Amino acid sequence: MVTHPLQIGLTGGIGSGKSTVAAMLVAHGAVLIDTDAISRSLTRPGGLAIEPLRAAFGDDLIAPDGAMDRARMREHVFADPTAKARLEGILHPLIGLECNRQADAAGDAVRVFDVPLLVESARWRARVDRVLVVDCREEVQVARVLARSAWARDTVLAVIGQQASRAARRAAADAVIFNDGIGLEELAAEVASLWQRWCPVEQWR
């Protein structure tokens, strides 16, 4: 039995609808700790990661405004696996510290850690009490990302290829929401049902 505020690890592939599910969980009373948002904060102008990134990768991957050039960095790490490891070596410890700070500030609320690469990280799986995966078909992922961004199709496919497979995510899950071919009302109903199962006080205190 969990004897502390429940910690949910939320994950899913790009375009799965994970952010929509996260917002629904917050509406039920959870505190969201968004590792992507933390990463963006660390790599904006003046962010804590900027000078370590400059030292590791040079000025070419820092944009004129002083932020990390995300598009160029994405291309760089896709082309060079060692660059990906160096990038993660800089960002992940800083993200971890900020996650701890936000979790400590959450009081007794259920914490939802939005972690795109949760399945790839044994550290994250050990930290959370439940893993919730938002899943959909790859062609749906691609269509959603193309509709909301200026990315090329090949870029979307490259990002999907860098992430864990759908099968690996589902295998690691305590629950899966299949967000494919359903509307927002049905999705909200699934989230509400899961919240009722997982989050009543008597179930985790």
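Here are a few friendly notes on arginine 111 and the cysteines of this predicted model.

1. Let's start with arginine 111, which sits in strand S3, a strand covering residues 111-114. Is arginine 111 buried or exposed? Its relative accessible area is 9%, so this residue is buried, the cut-off being under 20%.

2. Next, look at what surrounds arginine 111. Apart from neighbours within four places in sequence, arginine 111 is in contact with Pro5, Leu6, Gln7, Ile8, Val31, Ile33, Ala103 and Ala106. If you are following along in the 3D view, these are good residues to pick out around arginine 111.

3. The side chain of arginine 111 also has polar contacts with backbone oxygens. It reaches the backbone oxygen of alanine 103 at 2.6 Å. A polar atom of the same side chain lies 2.9 Å from the backbone oxygen of glycine 107.

4. For a longer view along the chain, take glutamine 196, which is 85 residues from arginine 111 in sequence. The C-alpha atoms of these two residues are separated by 15 Å.

5. Now to the cysteines. How many disulfides are there? The count comes to zero. Cysteine 199 is in no disulfide, and the nearest cysteine sulfur, belonging to cysteine 99, is 19 Å away. A disulfide would need the two sulfur atoms within 2.5 Å.

6. Finally, where do two of the cysteines stand in terms of burial? Cysteine 136 has a relative accessibility of 1% and therefore counts as buried. Cysteine 199, at 7% relative accessibility, counts as buried too.

Technical notes: Residues numbered from 1 in each chain as written. Predicted model: local features only at pLDDT ≥ 70, side-chain atom pairs only at ≥ 80, totals over all residues. Heavy atoms only, no water. Buried < 20%, exposed > 50% of the residue type's maximum accessible area, 1.4 Å probe, protein only. Helix = DSSP H or I, 4+ residues; strand = E, 2+ residues; numbered from the N terminus. Contact = heavy atoms within 4.5 Å. Polar contact = N/O pair within 3.5 Å; in protein donor to acceptor, adjacent residues only side chain to side chain.
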